[in-house]
Amino acid sequence: MGTVQWFLKKITKAFGRNTNSLFYTLLYREILKEIQEITQEENDSLLILREIGKRAALESCERHSTIFKFMPGNPKKVLEYFELLWVVVFGRELEEGDLTYEVIKKEDSKYDDYLIRIKACPICAGYGMDEEDSFDFNKISDLEAEGMACGLTGMLESVANFILKIKKNEYRINILEKRCIARGNHCLEFICRIYDAVEWKKLTSIKIQDKLKSGVKIEESPEEEFVQEAKLDIFDKLQEYLSLDKIEELLDEPLSGIKEKIADLIRDKLDMEPERFFNYFLNYEDDMIRIVGYLSVHLVNEYGRIIEKMLKNELFAKIAGYIFKHLKEFTLLFIPLDVINDYHQLLIEFLDGLAPDEVVENVKQFTGKDDITYMFEGAQMALENLGIDFSELKDNIWEELQKREEGELISPEQSLMDRTKEKFPKIINIIQELLMLINEILTLPIRVIISESHHGLKTAINSVVSEEEGLFGSIKERIDTIFEYVSEMK
Amino acid sequence: MKVLRNELIDSEATMNQMRNAIYHLQRFMTLNGETQIIDKLRKMGANIARTYIKYWKPINLVDLNNIKSVLGTIYKKILNSNVQIEFVTGEKKISVKDNDCALCKYKYEDINVAGCEIIMGMVAEFIKLINSRANGKSSFTLIPSEVQESKTFGHKSCIHVYQFEY
C-alpha cells in the first residue's frame with residue numbers, strides 16, 4: 001500500500017467517531033431485522049438495506065466533500081483504492097492479504113470488471129450463532145439477491161460514485177455483493193462494473209419501488225445530474241495536481257518508473273520514440289533546460305490561470321518580479337553546490353537511456369549551477385509572457401521604493417510626518433543593508449542545514465536494508481503509535 | 001475465513017455512516033406507518049445487549065453503589081464515550097450526559113426520535129441481564145425514561161435519563 005493511502009487511512013480512523021466493532025455489527029444486524037419486520041419479505045429487506053446504506057454514505061460524503069477531492073478521479077483508480085474506501089466506510093483496517101483483486105477482461109468496453117474478495121467479513125462475523133440473529137437467509141428466493149453486507153455495499157458504491165461525481169468523471173461504478181459468508185460462501189466478494197453516463201442512467205432508471213414485491217413504500221433517491229462542464233474553483237484545480245494517486249506515484253515510484261511514464265507519454269502524445277524527440281535538442285541542451293523552466297510556469301498557470309490573473313495588476317506584477325529576482329539570486333547563494341550537483345547527476349541519469357548518447361554527453365558538460373541558471377531563464381521568459389516587465393525593474397525592491405519618493409515636492413513648512421518622510425529613503429537604505437547583512441550571515445547556516453539534511457537523507461535512504469526495517473519503516477511505526485495515542489485520548 | 005464476534009470486541013469501527021443509517025431507517029418506518037419508533041429503537045438496543053453480553057460484561061452484579069461506574073464502563077467500552085453521570089435529586093432517576101454521542105451528531109428537522117434511544121434500550125437491558133444472572137443478589141433495575149436532550153434536536157449534548165428501582 002502506498003504511503004499516502006496508509007497515512008489517509010490513519011487520519012480517517014483517528015478522526016472518525018468510532019465505537020466498538022461488535023456494537024457496529026450488532027446495530028447493523030438490528031437495522032436489517034427492523035426492515036424485515038416491516039417488509040416481511042427477505043429479498044425486499046436486502047434491497048432496502050442497500051438503499052439505506054447508499055443514502056447514509058451519500059449524506060456523509062456531502063458533509064465532508066473536500067476530503068474526497070483529493071481522491072483519484074478515474075474509476076479504475078478508485079477501485080484500486082478500495083481498501084481506503086473500506087476504511088472510510090467501515091473504519092476498520094483489513095489485515096495484510098485479506099483483500100484480493102481479480103480483473104475480468106471485457107473486450108468491448110473501456111474498463112474491465114473487477115472481483116474484489118475480502119477473506120474475513122466483520123459484518124457476517126459469527127452470524128447465526130446467537131438467538132437474535134433471526135434474519136433467515138435461507139428464505140431468499142431471488143438468485144441475484146445480495147447478502148448480509150448489502151448495506152455496506154451500498155455505502156461503498158455511494159462513496160466511490162461520489163468521488164467520481166466531484167471529480168467530474170462521467171463514469172460510475174456499480175458494486176454488488178456476490179458472495180456472502182452468512183449465506184454460506186467462503187468469503188465476501190464484490191463485483192464492480194464500470195458504466196458510462198448513458199449506461200448508468202439506463203441501469204438506475206429502474207425505480208427501487210418497482211423492484212419491491214412486498215408493497216412497502218420507500219422514497220426514491222433524486223436522479224443524479226451528470227455535470228459535463230462545470231466551473232472549476234481554485235481547489236478543484238489544485239486537487240488535479242494533488243490527487244492521491246499522483247502524490248503516491250511521486251513518493252513511491254523510482255526514477256526508472258518515471259522514465260517509463262515519460263517515454264510512454266512521448267510515444268502516446270507525440271507519436272515518436274523518446275530518443276528521436278530528445279535528438280531535436282542535440283547541441284541545444286541548454287534550451288531544453290530553459291524549456292523545462294518555461295513550461296513549469298505555464299503549466300502552473302494552466303490550472304486556473306492564477307498567475308496570469310495576478311500579474312494583470314501592475315503592483316502585483318512588480319512585487320512578483322522582485323520576488324523572482326531575489327529567488328534567482330538567493331537559490332545559488334543558499335543551496336550548496338554539491339546539493340545542486342547531485343540534482344544535476346539525477347538529470348543525467350534521467351536522460352540516460354531516453355535521450356541519444358550525444359545529448360547526455362553534452363548535458364554532462366554543464367554544471368548544476370548552469371542547470372539552475374537555465375531553468376530560471378526559462379521561467380523568466382514565461383513570466384514575461386504572463387505580464388512581468390523585467391526591463392522596468394530596478395536592481396532590487398528597495399530602489400523601487402526610493403524611486404517613488406523622489407517625485408514629490410518638499411513643503412516649506414515641514415511637519416514631523418514630512419521630516420520622517422524625508423528620512424524614509426535613508427531608513428529604507430538601512431533596512432536594505434540590515435537585511436542583506438542578515439542574508440549574508442544566514443547563508444552559511446542555511447547551507448549547512450540544507451547540505452546536512454540532503455546528505456543525511458541520502459545516507460539514510462542508501463543505508464536502508466528494507467523498507468520496513470529502514471528509516472521509512474521506523475517513521476511509519478512511530479506515526480502508527482501517535483495515531484494510537486490520539487485514538488486512546490479520544 | 002470467519003471472524004468471530006469475540007474478535008470484534010477489541011477493534012473499532014467508524015459510526016459516521018451507520019449513524020446516518022439510523023435516521024434513514026426512521027424515515028422508512030414513518031413512511032410505512034410505524035408510530036412506536038421509540039419502542040422499536042429501544043428494542044433494537046435491547047437485542048444488541050442480549051447478544052453483546054455473551055461476549056463481554058463489565059461486572060457480575062449491579063446495585064445502587066456501583067451503578068455509576070458500571071454505566072461509565074459500558075458507555076466507554078462499547079460506545080467509546082466519556083460520560084458524566086449524576087443522580088437526579090429527589091427522584092429515583094439517573095442522568096447520563098454524553099457530549100459526543102455515537103448515534104447523534106446533526107440536527108434533523110424531520111426527525112422526532114433521537115438515535116440514542118437505541119443506547120438507552122441497550123444499557124437498561126445490559127443491567128437487567130447482569131442482575132438476572134446474579135441469582136437474586138440484586139434487584140436493581142434500570143428503565144429508560146427519556147432522552148432529555150439530544151444533538152438530533154439541536155442540543156449541545158445528549159442526556160439520557162433512566163429510572164431505577166431496587
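These legends walk through close-up views of a predicted model with chains A and B.

**View 1. The two chains at a glance.** Chain A carries 22 helices and five strands, while chain B has five helices and five strands. Along the sequence, the elements of chain B run α-β-α-α-α-β-β-α-β-β. Of the 490 residues in chain A, 27% are buried; for chain B, with its 166 residues, the buried share is 46%. In chain A, take the contacts between residues at least 6 apart in sequence: 73% of them join residues at least 24 apart. In chain B, 63% of the contacts with a separation of 6 or more come from residues 24 or more positions apart.

**View 2. Where chain A meets chain B.** Chain A puts 44 residues into the contact and chain B puts in 38. On the chain A side, the elements giving two or more residues are β1 (18-20), α2 (21-39), α3 (42-63), α6 (82-90) and α7 (150-166). The top contributor there is α2(A), with twelve residues. Sorted by class, this side of chain A offers 22 nonpolar, eleven polar and eleven charged residues.

**View 3. A strand pair across the chains.** Here β1(A) lines up with β1 of chain B (residues 12-14), antiparallel and with three bridges. Which residue of β1(B) is the bridge partner of A:Thr19? Look for B:Ala13.

**View 4. The core and its busiest members.** The largest nonpolar core has 111 residues, and those touching the most other members are A:Leu85, A:Val89, A:Cys124, A:Val159, B:Cys116 and B:Val123. α2(A) supplies the largest share of this core, ten residues. In soluble globular proteins, nonpolar side chains tend to be buried together. Zooming in on B:Cys116, and setting aside residues up to four places away in sequence, its contacts are B:Cys101, B:Leu103, B:Cys104, B:Val147, B:Ser150, B:Cys158 and B:His160.

**View 5. A second core in its own place.** Separate from the largest core is a second one of six residues, including A:Tyr294, A:Leu311, A:Ala382 and A:Ile388.

**View 6. A:Lys309 on its helix.** This lysine, A:Lys309, sits in α15 of chain A, a helix covering residues 306-311. Buried, partly exposed or exposed: which label fits A:Lys309? A:Lys309 counts as partly exposed because 13 other C-beta atoms lie within 10 Å, and that label falls between 12 or fewer for exposed and 20 or more for buried. A:Leu386 is 77 residues away along the chain, yet its C-alpha is 8.8 Å from that of A:Lys309.

**View 7. Helix α2 of chain B.** The 16 residues of α2(B), numbered 16-31, reach 24 Å from first C-alpha to last, close to the expected 22 Å. Most of α2(B) is covered, with 13 of its 16 residues buried. Just past the end of α2(B), B:Gly33 adopts a positive phi of about 85°.

**View 8. Strands around β5 of chain B.** β5(B), residues 158-165, pairs with β3(B), residues 93-98, in the antiparallel sense through six bridges. Within β5(B), B:Tyr162 stands opposite B:Ile94. β5(B) also pairs with β4(B), residues 141-149, again antiparallel, over seven bridges. There, B:Thr141 has B:Glu165 of β5(B) as its bridge partner.

Conventions: Residues are numbered from 1 along each chain as its sequence is written. Chains are lettered from A and ligands numbered from 1 in the order in which they are written. This is a predicted model: local features need pLDDT of at least 70, side-chain atom pairs count only at pLDDT 80 or more; totals for chains, interfaces and linings use all residues. Two residues are in contact if their C-beta atoms, placed from the backbone, lie within 7 Å. Helices (H or I, at least four residues) and strands (E, at least two) are DSSP runs, numbered from the N terminus. Ala, Val, Leu, Ile, Met, Phe, Trp, Tyr, Cys and Pro count as nonpolar, Asp, Glu, Lys and Arg as charged, and the others, Gly among them, as polar. Two strands pair if DSSP finds at least two bridges between them. A nonpolar core is a set of buried Ala, Val, Leu, Ile, Met, Phe, Trp, Tyr and Cys residues joined through C-beta atoms within 7 Å. The expected span of a helix is 1.5 Å times one less than its number of residues.
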